[in-house]
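Here is a friendly first tour of a protein chain. Have a look at it before reading on.

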Amino acid sequence: MHSHLSFENPPALPHEVVVETLERALRDRSAESEAAEVLVGTALNDDDADFVEHWCVQVGMRAVSGSPLLGLAGLCLGHTARRFGRLSDEALALAQSLSARAETDPADVDGRAVDGYDDVRSFLHLW
């Protein structure tokens, strides 16, 4: 018998749940898995562009070196650029920085940050 794995994008959650979950993960690395799902759901499905960008930036600036949340924050900035067609100068600089860190040391920031910055450049026409 074959089992088929299926993947569904996580939903956007109420902002207070997002804030609590992400803040907890930034204090306690054992909560990173749950935070990753929350961040992806927010980046893909929340319609408040400022909220989405703010939390991608917060995670990308505050997560510790080696945290999978760093690469994910970069990837989610790419989703944000794709969905809303804009990023602040701060978010743009962070996406570039996370990508450069990933290329320099994948143990610091994983390669998803590179993919995210590629999306940022593509969707914001920065080539």
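What follows starts with the whole chain and then zooms in on one serine, S67.

This is a predicted model, where local features need pLDDT of at least 70, side-chain atom pairs count only at pLDDT 80 or more, and totals for chains, interfaces and linings use all residues. Residues are numbered from 1 along each chain as its sequence is written, and side-chain values use heavy atoms, with hydrogens and water left out.

Reading along, you meet six helices and zero strands (DSSP runs: H or I of at least four residues for helices, E of at least two for strands). Some whole-chain numbers:

| Property | Value |
|---|---|
| Radius of gyration (over C-alpha atoms) | 14 Å |
| C-alpha box along the principal axes | roughly 45 × 40 × 30 Å |
| Buried residues (under 20% relative accessible area, 1.4 Å probe, protein chains only) | 44% of 127 residues |

That radius agrees with a compact globule of 127 residues, which would have a value near 14 Å (the rule is 2.2 Å times the number of residues to the power 0.38).

Now for S67, which sits in the loop between α3 (49-62) and α4 (68-84). Is S67 buried or exposed? It counts as buried because its relative accessibility is 2%. A polar atom of the S67 side chain lies 3.0 Å from the backbone nitrogen of L69. Leaving aside residues up to four places away in sequence, S67 touches R29, E32 and D108 (touching means heavy atoms within 4.5 Å).

Methods: Buried < 20%, exposed > 50% of the residue type's maximum accessible area, 1.4 Å probe, protein only. Polar contact = N/O pair within 3.5 Å; in protein donor to acceptor, adjacent residues only side chain to side chain.
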